[in-house]
Amino acid sequence: MSKLPVIVGFGGVNAAGRSSFHHGYRRLVIDALPQEKASRTYRSLAAVMGIPAEQAGDESQRQYMRDHTLIRKIEGNLFDTEQVAWNKRMALSGAEGVLQFVTRARDLPDVLPSGWEVKELDGGKVSVSVNESCNVLLPTTRKIEVSTAGQLPTGFDPASLYASRNHPRGLQMAICGASDALKSMGIEWQVVMDSIRPDQMGVYASSAMAQLDDNGFGGLLGARANGGRVSSKQLALGLADMPADFVSAYVLGNVGTSGPSLGACATFFYNLRQAVNDIRNGLTKVAVVGVAESGIDSRIIDGYYTMGALASDAELLKLDAEKGLTEPDHRRASRPFSSNCGFTISESTQFIVLFDDELALQLGAQIHGSVPDVFINADGYKKSISSPGIGNYLTVAKAVAAGAGIIGDKAIKTRSFVQSHGTSTPQNRVTESHILNETAKTFGIENWPVAAIKAYIGHSIGAASGDQLIASLGVWNDNILPGIATIDHIADDVHQSNLRLQKEHMDVEAGSLDVAILNAKGFGGNNASVTLLSPLLSEKMLKGRHGEKAWQAYLARREQVQAAAAAYDDAACETGLSVHYQFGENVLDGEDLEISRDGIAIKGWASKVALDFDSPYASWLPKQD
């Protein structure tokens, strides 16, 4: 019988703050929250941003927290948008036909260019005469064309939370996100390890663009061009699979499956699909799924800007020309399904912990939702690798059909909503709205609620679909579907006859929505859609499968788990994220294994890795002695 992958923990951080316990989601709808919930989210933000807890209630500090979260002008801790470093190519020649200059002898190139004459001077210096023109790169600065991003909350520095040892920012964020998700469970990790075999765990995590800052591939590729040296870590730490490797080695001690996947802007869902399939098929019982993406880098912004994908300052000013603005409205840079000019890049790390349904009941785990299926389809033959194609029609229709298969065709019409990709590009507003609208018509959905949270936090590339998933869990917890707050109209070319697209938040009756359809579209034809089930529906399904007696025993065990999870949230709201990072501790080698025919015992694990395989192919051959 197939297992149901159940979400038992989630965490991370993006421009809205800490993800666990719905705080990041609540930042999106904080103006619509009851006072008690809003106050607690301000406390969470204050702790993340380094603001003393006793000041979290001050209105001036709350305004500061609002101003320094979500999409905003890029702040100086990453780079100065007015003075981005670059090298200007110049051709130099002497006024009298000969160019002369003095430099240190040790600064001369190993191979002298043609036409150079060198004379030694005192003090280790040399005089150089150049009879021809000389090409040089002059270090200088310039203003960048895009100055808006969905940056992590001001004051939050992931490197300060553990011994980061020059790790790329994306890996620092991965450690934070995985730690937050793990602690949100309310179950000690050793308890989980003692409840499964060592090979019944999997880590499915990555980044879409790898680690491109100076501690990763950015430094590696730019070292020679900038006259520097390559470090021994830049190549290894730059790899896109490093979030999975770091979480396995330094957070979980994982010896089971490691399955990082990449799918451009759908990368989180690509990882999720592997985890869901492995749990459904009984290959793993515990899966940690995540993405960490640190894309707010001047070089990355240059790339997307040159493609015409980003909302530049100049184009934003054109959108608001009638207002006579002298600088762009940074807060409203991302305007999904409205008049827009490109997406707004952001940074994020999001992780979830999945158990199979049996283990979830056994350990009394919290149930935040479940993922019965993830659908991925490519586009077929294409005109351009970056243009949209037909694959997303398939994934969305399949995801809705999977939901209808669980709750029925009648219920899917009124008990589902969409968490759209919603990038804020002119092309996306047309193509995705057509996909959603046509799917709604096909299934008889007349007024399908559609959210587009990139309006608040921007597009975190590989982590974006993780942002969508965790925001959807918040919808079920607080019964508010975020409106598309940055728009003032729906664009004329948006297909919306069967969609509900609105600026205002939508109040949702508790228990009225069973299914969320999450959608992601990535460059290259990487389309992914997810059928996500509400916690209430997930609990009904588990109770139906395991019976009343098992369910009541589960509820009793869950009380202690919920209390432990709440204690973690209390501590995080006071002092911020605490990171679990285990470097050089409990390191295993061959002497820590006991290998026998029936299994492999590993130090620190209660159960063995099983070696008694029943092959499905055994009957294909005649029996042998």
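This note walks through some points of the structure above, from its domains down to single side chains.

1. **The model and its domains.** Please keep in mind as you read that this is a predicted model. The domain assignment divides the chain into domain 1 (6–77 + 146–548), domain 2 (84–142) and domain 3 (590–614). Domain 1 is thus written as two stretches of sequence, 6–77 and 146–548, and domain 2 takes up 84–142.

2. **Where domain 1 meets domain 3.** A good place to begin is the pair formed by domain 1 and domain 3, whose C-alpha centres are 37 Å apart. Ten residues on the domain 1 side are in contact with eight residues of domain 3. Together the two domains bury about 750 Å² between them, and 69% of that area is on carbon and sulfur atoms. Within domain 1, the residues that lose the most area to domain 3 are Met-193, Arg-197 and Pro-198, which together make up 53% of what that side buries.

3. **What holds that interface, by the rules used.** How many salt bridges does the rule find across the interface of domain 1 and domain 3? The count is zero. For polar contacts, the rule finds one residue pair across the interface of domain 1 and domain 3, with both residues at pLDDT 80 or more. Helix 5 (residues 189–194) gives the largest share of the domain 1 side that touches domain 3, namely three residues. By type, the residues on this side of domain 1 are five nonpolar, two polar and three charged.

4. **Salt bridges in the whole structure.** Side chains of opposite charge can pair when their charged atoms come close. The structure as a whole holds 33 salt bridges. One of them joins the side chains of Glu-82 and Lys-73, at 3.8 Å from N to O. Glu-82 is at 39% relative accessibility, so it counts as partly exposed. Lys-73 is partly exposed too, with a relative accessible area of 33%.

5. **A pair with a buried partner.** Arg-299 and Asp-297 also form a salt bridge, and their closest N and O atoms are 2.9 Å apart. Is each partner buried or partly exposed? Arg-299 is partly exposed, at a relative accessible area of 39%. Asp-297 has a relative accessible area of 11% and is therefore buried, as that value is under 20%.

6. **A salt bridge across the sequence.** Asp-488 and Arg-332 form a salt bridge as well, the closest N and O atoms being 3.9 Å apart. Asp-488 sits in the loop between strand 17 (480–481) and strand 18 (499–500), while Arg-332 sits in the loop between helix 11 and strand 13, so this pair ties together parts that are 156 residues apart in sequence. Asp-488 counts as exposed, at 56% relative accessibility, whereas Arg-332 is buried, with a relative accessible area of 16%. Both belong to a network of salt bridges that links Asp-320, Asp-329, Arg-332, Arg-335 and Asp-488.

7. **Ser-346, a buried loop residue.** Ser-346 is found in the loop between helix 11 (313–319) and strand 13 (347–356). Its relative accessible area is 1%, so Ser-346 is buried. What does Ser-346 touch, leaving aside residues up to four places away in sequence? Its contacts are Gly-150, Glu-293, Gly-295, Ile-296, Ile-457, Gly-458, His-459 and Ser-460. With Ser-460 there is a polar link: a polar atom of the Ser-346 side chain lies 3.0 Å from the backbone nitrogen of Ser-460. Thr-69 is 277 residues away from Ser-346 along the chain, and the C-alpha atoms of these two residues are separated by 12 Å.

8. **Glu-347, in strand 13.** Glu-347 has its place in strand 13. With a relative accessible area of 1%, Glu-347 is buried. The side chain of Glu-347 reaches the backbone nitrogen of Leu-152 at 3.0 Å.

9. **Ser-472, in helix 17.** To finish, look at Ser-472, which lies in helix 17 (residues 464–478). Its relative accessibility is 0%, so Ser-472 counts as buried. Not counting residues up to four places away in sequence, Ser-472 touches Phe-417, Gln-419, Ala-516, Leu-518 and Leu-532.

Conventions: Residues are numbered from 1 along each chain as its sequence is written. This is a predicted model: local features need pLDDT of at least 70, side-chain atom pairs count only at pLDDT 80 or more; totals for chains, interfaces and linings use all residues. Side-chain values use heavy atoms; hydrogens and water are left out. Helices (H or I, at least four residues) and strands (E, at least two) are DSSP runs, numbered from the N terminus. Buried means under 20% relative accessible area, exposed over 50%, partly exposed in between (1.4 Å probe, protein chains only). Contact means heavy atoms within 4.5 Å. A polar contact is a pair of N or O atoms within 3.5 Å; within protein, one must be able to donate a hydrogen and the other to accept it, and residues adjacent in sequence count only if both atoms are side-chain atoms. Domain bounds come from an automatic or database domain assignment. Buried area is the accessible area (1.4 Å probe) that two parts lose on being put together, summed over both. A salt bridge is a side-chain nitrogen of Lys or Arg within 4 Å of a carboxyl oxygen of Asp or Glu. Ala, Val, Leu, Ile, Met, Phe, Trp, Tyr, Cys and Pro count as nonpolar, Asp, Glu, Lys and Arg as charged, and the others, Gly among them, as polar.
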